[in-house]
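Ready for a few exercises? Have a go at each task yourself, then check the steps below it.

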Amino acid sequence: MRSIHDNLQAVRERIARAALAAGRDPLTVALLAVSKTHAASLVAQAVDAGQRAFGENYVREALEKMDALAENLGKERARALEWHLIGPLQSNKTRLAAARFDWVHSVESEKVARRLSEQRPAGMAPLNVLIQVNVSGESSKSGVAPEQVAGLAEAISSLPNLKLRGLMAIPEPGGDVQTQRLRFSGLRKLLEQLQNRHATLDTLSMGMSDDMEAAIAEGATLVRIGTAIFGTREKLRPAA
Ligand SMILES: *Cc1c(COP(=O)(O)O)cnc(C)c1O
């Protein structure tokens, strides 16, 4: 296997190529390194290679890793990292999520949003949140239906300790490029509609190792990349 440093370099090049092919400035596409199931020592290698933003799916696993990194890198360097929760969030985990993450991509209910706002510790900047949208219909259970997005956005924008930044989606895997682009353009159009009422929305979190080119072609501002950086995952942990 190539080193994490080389993998990151290759991913940055893929992003740049896809952005340029779409007539976009590569700097408008942020890279989130998805480190779920991978050890803190591998995250530290990515940090050494210049990566700063990391995505995790499970709150407890993420917290352990953040603590291990504070040891490994030192508190000062660990503080400069940015943590994004991208997995489903149950309401009994919102307190920990609100205290330790900078972003939550997977908000699907007003209840969870309200708890995150109430539980965001005083003195911390507002928590950046995205609404997760189901763009694949029947074949996916995660995310709110497109027609529910406007109402949830309205509710979130009234919560004092959250900052609604945009939308996130995980299309069904295995689609051909046409289908991928259709899903991603659907999410972009939803964001464009929302921007009429919520001018500060600026984030489209879409695209993973296998479909980042299609996502960037359709306007992704943040791609979530795991396998292409850290290699294949041993197994998926049960949701925790
Ligand atoms: C695991 C995961 C990713 C990364 O997927 P890869 O195919 O490994 O790049 C991105 N987004 C979410 C929500 C994930 O759960």
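Rings of Phe, Tyr and Trp (its six-membered ring) pair if their centres lie within 6.5 Å; planes under 30 degrees apart count as stacked, over 60 as edge-to-face and the rest as tilted. The model here is predicted, so local features need pLDDT of at least 70 and side-chain atom pairs count only at pLDDT 80 or more, while totals for chains, interfaces and linings use all residues. Residues are numbered from 1 along each chain as its sequence is written, and side-chain values use heavy atoms, with hydrogens and water left out.

**Exercise 1.** Find out how many aromatic pairs the structure holds, and work out which strands the partners sit in.

*Solution.*
- Step 1: the structure holds one aromatic pair.
- Step 2: F54 and W83 form it, with 5.7 Å from centre to centre and 35 degrees between the planes, which is a tilted arrangement.
- Step 3: F54 belongs to strand β2 (residues 53-56) and W83 to strand β3 (residues 82-85), so the pair links distant parts of the chain, 29 residues apart. Helices (H or I, at least four residues) and strands (E, at least two) are DSSP runs, numbered from the N terminus.
- Step 4: both F54 and W83 are buried. Buried means under 20% relative accessible area, exposed over 50%, and partly exposed in between (1.4 Å probe, protein chains only).

**Exercise 2.** Which residues of helix α2 are buried, and what covers them?

*Solution.*
- Step 1: in α2 (residues 40-48), the buried residues are A40, V43, A44, A46 and V47.
- Step 2: these residues are on the same side of α2, because they cover an arc of only 160 degrees around the axis. That arc is taken from the directions from the helix axis to the C-beta atoms.
- Step 3: a bit of background helps here: an α-helix has 3.6 residues a turn, so residues three or four places apart point the same way.
- Step 4: their cover includes α1 (4-21), β2, α3 (59-73), α4 (75-79), β3 and α10 (227-230), where contact means heavy atoms within 4.5 Å.

**Exercise 3.** Look at R120 and say what is around this buried residue.

*Solution.*
- Step 1: R120 sits in the loop between α6 (110-119) and β5 (127-132).
- Step 2: R120 has no salt bridge, and D102, the nearest side chain of opposite charge, is 5.0 Å away. A salt bridge is a side-chain nitrogen of Lys or Arg within 4 Å of a carboxyl oxygen of Asp or Glu. For charge, Lys and Arg count as positive and Asp and Glu as negative; His and the chain ends are not counted.
- Step 3: a polar atom of the R120 side chain lies 2.8 Å from the backbone oxygen of F101.
- Step 4: leaving aside neighbours within four places in sequence, R120 is in contact with A98, F101, A125, P126, L127 and N161.

**Exercise 4.** Which residues are joined into one network by salt bridges that share partners?

*Solution.*
- Step 1: start with R181 and E218, whose closest N and O atoms are 2.8 Å apart in a salt bridge.
- Step 2: R181 is in helix α8 and E218 in the loop between α9 (212-217) and β8 (222-225), 37 residues apart.
- Step 3: R181 is partly exposed at 34% relative accessible area, whereas E218 is buried at 9%.
- Step 4: R188 also forms a salt bridge with E218, with the closest N and O atoms 2.6 Å apart.
- Step 5: salt bridges that share partners join R181, R188, E192 and E218 into one network.

Technical notes:
A polar contact is a pair of N or O atoms within 3.5 Å; within protein, one must be able to donate a hydrogen and the other to accept it, and residues adjacent in sequence count only if both atoms are side-chain atoms.
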